[in-house]
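User: Hello! I would like a close look at one part of this model, and then a walk outwards from there.

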Amino acid sequence: MLDQKERERFEQLVLPHLDAAFNLARWLLHGRTDAEDVTQEAVLRAFRFFPGFQGGDARAWLLQIIRNSCYTWLEKNRPAELTTEFDESLHFSRTASPEAQALAGDDRVRLARALESLSPRSREVIVLRELEGCSYKEIAAITSIPIGTVMSTLARARNHLREALTRLSAKPFKENEVPSGL
Amino acid sequence: MACELFQSALHGYLDGELDASRASEFERHLQSCPECVSALETQESLRGLLKQSALREIAPASLRTRIRAALPATESPAARRKHMGLRWIAVAAAVILVFFLSWRAFVPPDQYMAAGIGIDQVLDAHLRSLQPGHLTDVASTDQHTVKPWFDGRLNFAPPVTDFAAQGFPLEGGRLDILNGQTVAALVYGRRKHSVNVFVWPTDQRDLSFRSGSTRGYAWIHWRKEGMEFCAISDVAPADLHELVELISH
């Protein structure tokens, strides 16, 4: 009975944020397959913690659990990633489809590669701010970065992204210029 | 150059996160600083590029289905009626099982912990540790400093791991005494809050998590592999659960 009620509440409050959860995991883990596994495990874990959730921002609450699960997974499976500030190899997404590979010249793919090359801490703030539209307060809650340093963390991350994009571009990414083909 | 001051303010402005007075201060600065104007334009076009590229990826439908299937089931009314008979059998079995188990396992909640340690004593030790200068005997975020410190001071080895990446940085450790038993206390930070994790040896069998709150402090108690644990803090119970899952993993 209690489980039933909890489940309904969980479905209403938390499950609508599954896309946000998956998206964060996908970018932190560089691939959809690993992201699916970690998201599933973390959402079920969130359900076990759910009785302790005291209302408020359910999306931030879920994303915080997802993020922690991703870092635990990275520590276990790719510890080097957590200590590398910047990935020089600018590797492709591990699950890039043949179509995506064929479109390697495409701006979207280039931007994705640039984002993948950032350190996880830079990558996550870009994903949270630009793809999920989180406020600074939410970013602070999800990543445990003090609220006062969210702005400078984002500033650094965006500059890294711009540099990475410039290095990947045939022509440098200039001010006022959105590359063609978009 | 003066605009170094504004380099991160620019992002707050871009994100609409500056308060009114800082925003107008920044706007005034823009009028006299072409460098910041062009930096702002660069960031705006980067943001435009991110928007157009639609990098957000949504969860596959199969993931949603798998998660729903793994949650405790909900039943339709018809199915419920069908299962009524079975359900009574299950209830009867559960009653019998609980009756048997309770002979073995029932003890008042406060005496769950071995060595006669009660939650009140754990809470008192936690509050004492929050007095200035009492929190840690060995203050270090390095698990390889904290763990050896316990060697030779205890006849058991508490698990010491730093969880800074998950938002629970290790702050240090100390020895404490609860009801005459020497215990290890591991201290973790959670934003501005402190979490005490008390650990002591036990010869009793493993016990899964048991949680509660006393005078506004959340606690979780469990036993694993010959050690008894009690974590206590004023953080949200969900946060405490998260740390406990990490420790017992």
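Which are the buried residues of H10(A)?

Analyst: Happy to help. This is a predicted model, where local features need pLDDT of at least 70, side-chain atom pairs count only at pLDDT 80 or more, and totals for chains, interfaces and linings use all residues. Residues are numbered from 1 along each chain as its sequence is written, while chains are lettered from A and ligands numbered from 1 in the order in which they are written.

The buried residues of H10(A) are Val150(A), Met151(A), Thr153(A), Leu154(A), Ala157(A), Arg158(A), His160(A), Leu161(A), Ala164(A) and Leu165(A). Here a residue is buried if 20 or more other C-beta atoms lie within 10 Å of its own, exposed if 12 or fewer, and partly exposed in between, with C-beta atoms placed from the backbone. Helices (H or I, at least four residues) and strands (E, at least two) are DSSP runs, numbered from the N terminus. H10(A) covers residues 147-168, 22 residues in all, and reaches 32 Å from its first C-alpha to its last. That is close to the 32 Å expected at 1.5 Å a residue, the expected span being 1.5 Å times one less than the number of residues.

What do those buried residues pack against? In chain A, they pack against helix H7 (107-116), helix H8 (120-131) and helix H9 (136-143); in chain B, they pack against helix H1 (9-14) and helix H3 (34-53). H10(A) is also one of the helices of chain A that each supply at least two residues of the side touching chain B. In that interface, 45 residues of chain A are in contact with 41 residues of chain B, contact meaning C-beta atoms, placed from the backbone, within 7 Å. By class, the chain A side has 20 nonpolar, 11 polar and 14 charged residues. For these classes, Ala, Val, Leu, Ile, Met, Phe, Trp, Tyr, Cys and Pro count as nonpolar, Asp, Glu, Lys and Arg as charged, and the others, Gly among them, as polar.

Leu161(A) of the helix leads us to the largest nonpolar core, where it is among the residues with the most contacts inside, together with Ala21(A), Leu24(A), Ala25(A), Leu62(A), Ile66(A) and Cys70(A). This core has 54 residues; a nonpolar core is a set of buried Ala, Val, Leu, Ile, Met, Phe, Trp, Tyr and Cys residues joined through C-beta atoms within 7 Å. H2(A) gives the most to it, with nine residues. Leaving aside neighbours within four places in sequence, Ala25(A) is in contact with Ala35(A), Val38(A), Thr39(A), Ile66(A) and Cys70(A). Apart from this core lies another, of 36 residues, among them Val122(B), Phe198(B), Phe229(B) and Cys230(B).

Moving on to chain B, we find nine helices and seven strands. An open sheet of seven strands has the order E1-E2-E3-E4-E7-E6-E5, with antiparallel pairing; two strands pair if DSSP finds at least two bridges between them. Its edge strands are E1 (138-139) and E5 of chain B, each pairing on one side only. Six bridges join E5(B), residues 207-214, to E6(B), residues 217-224, and Gly212(B) has Trp219(B) as its bridge partner. Their hairpin has two residues between the strands, and Arg215(B) in the turn has a positive phi of about 45°. E6(B) pairs with E7(B), residues 227-233, over seven bridges; there, Arg223(B) partners Glu228(B) and Ala218(B) stands opposite Ser233(B).

Technical notes
Two residues are in contact if their C-beta atoms, placed from the backbone, lie within 7 Å.
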